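This report describes a metal site and a pocket in a single structure.

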Amino acid sequence: MKTVERLALLPSSPGTARHIALHRYGGGSGPKVYVQASLHANELPAMLVAQHLIDLLDDAEAAGRITGEVVVVPVANPIGLGQGVDGVHLGRYELATGQNFNRGFFDHAAALAERVKGRLGTDAAGNVGLIRREWAALVAERTPSSELASLRQHLMSRALAADIVLDLHSADDALMHLYFGAARWPDGADLSAELGSVATLLAVDSGGEPFDEVFGNIWAKLRALLGNDSPIPDAIMSATVECRGHADVSDELAAGDAQALLRFLMRRGVVAGDPGKLPAPRCDATPLDAVDILTAPVGGCLVYKVALGASVRDGDIIAEVVDPLAEDPSRRRTAIRTTTDGILYQRKLLRQVRPGQSCGKVAGTKPLPSRQGVLLEP
Ligand SMILES: [Zn+2]
């Protein structure tokens with residue numbers, strides 16, 4: 001029986017009230033999956049995919065085909081959904097604090113290690129159960145100091161119970177691509193192939209505590225803190241799914257993505273049914289530190305020379321920045337070249353660019369010396 005749970009956020013000011021809704025299906029013995037959409041609230045393709053997925057799961061539930069448990073949060077960020085300036089929706093950063101909504105999720109590894117130290121045994125599943133219970137207690141014990149902190153607390157409290165966590169986003173002007181925790185690759189190859197990802201980017205720790213990595217990384221952190229005497233498996237597979245670009249808000253695309261997610265759930269024993277043959281993958285997984293993030297050296301008008309999805313070579317011109325005030329013809333255009341061989345999977349949607357702004361991403365195969373430290377954009 002489907003349930004919808006409403007969780008209220010701590011109001012940011014008197015007279016306001018926001019909440020998130022969780023659609024929960026099943027509850028059987030199969031795996032548990034948690035899916036949320038549009039944590040960056042301006043990334044509407046994700047929200048539309050979640051709507052289509054809810055329709056599919058409603059049908060599956062009515063037909064008694066949910067064999068595990070699925071939780072869908074169709075709007076993961078009502079704070080960002082309500083933000084705008086001069087008619088422009090701004091959903092990546094909280095306007096009140098400047099914080100990126102998909103960073104700063106709470107790392108409980110050290111506190112959790114203290115809680116479970118000396119209590120783990122030889123049974124891996126039992127250890128995972130104990131860790132989840134204590135982790136849930138730690139999250140519940142937090143006293144949120146802001147509306148955003150209460151949002152993070154709610155989302156974490158529900159996602160940490162899952163075996164699979166999928167965080168749906170979109171990315172400027174882009175093709176379907178995934179960020180995936182390296183510890184569970186190639187376990188996620190079916191997800192990547194099913195969605196038709198053109199760039200599946202693996203990282204152990206991108207930095208900044210984005211939502212998906214909190215759930216994928218805590219197991220390795222606990223092993224590092226507690227040693228290997230008791231088994232602690234990588235119990236959560238987590239990924240960020242970039243549902244193309246911000247303007248790709250289309251029922252046709254979203255319905256296709258939702259169908260792909262449903263087939264993935266079938267393959268994982270969460271929903272009963274025949275998913276058919278797994279599509280051929282559109283890419284091999286590649287390291288996140290092999291992604292060349294192109295930046296503009298000067299400001300101006302951005303003109304692309306290469307289409308999304310193109311295979312490019314080290315040294316190729318990807319775009320030019322046009323300075324419309326340059327009087328010297330030789331200075332009117334500044335080329336932006338890639339430094340790797342790979343696939344151009346993301347471009348900038350707005351074509352005005354300032355110096356230092358990123359304006360494209362090429363998924364290469366060889367880690368780049370320039371890609372050290374925090375691997376995600378701010
Ligand atoms: Zn995002």
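## Zinc site

The zinc ion is coordinated by His-40 (ND1), by Glu-43 through two entries (OE and OE) and by His-169 (ND1), at 2.1 to 2.6 Å. Donors are N, O and S atoms within 2.8 Å of the metal (3.2 Å for Na, K and Ca); water is not among the atoms, so sites may look incomplete. The angles subtended by the four donor atoms run from 54 to 139 degrees, which makes the arrangement irregular. Four donors count as tetrahedral if all angles lie between 85 and 135 degrees; four count as square planar and six as octahedral if opposite donors are over 155 degrees apart and all others between 65 and 115; anything else is irregular.

## Model and conventions

This is a predicted model, in which local features need pLDDT of at least 70 and side-chain atom pairs count only at pLDDT 80 or more, while totals for chains, interfaces and linings use all residues. Residues are numbered from 1 along each chain as its sequence is written, and side-chain values use heavy atoms, with hydrogens and water left out.

## Donors in the sequence

The donor residues of the zinc ion follow the spacing H-x2-E-x125-H. Glu-43 lies in the loop between β3 (32-37) and α1 (44-62) and His-169 in strand β7 (residues 164-169), so the pair ties together parts that are 126 residues apart in sequence. Helices (H or I, at least four residues) and strands (E, at least two) are DSSP runs, numbered from the N terminus.

Glu-43 is buried, with a relative accessible area of 2%, and His-169 is buried at 1%; buried means under 20% relative accessible area (1.4 Å probe, protein chains only).

Definitions and conventions. Buried means under 20% relative accessible area, exposed over 50%, partly exposed in between (1.4 Å probe, protein chains only).
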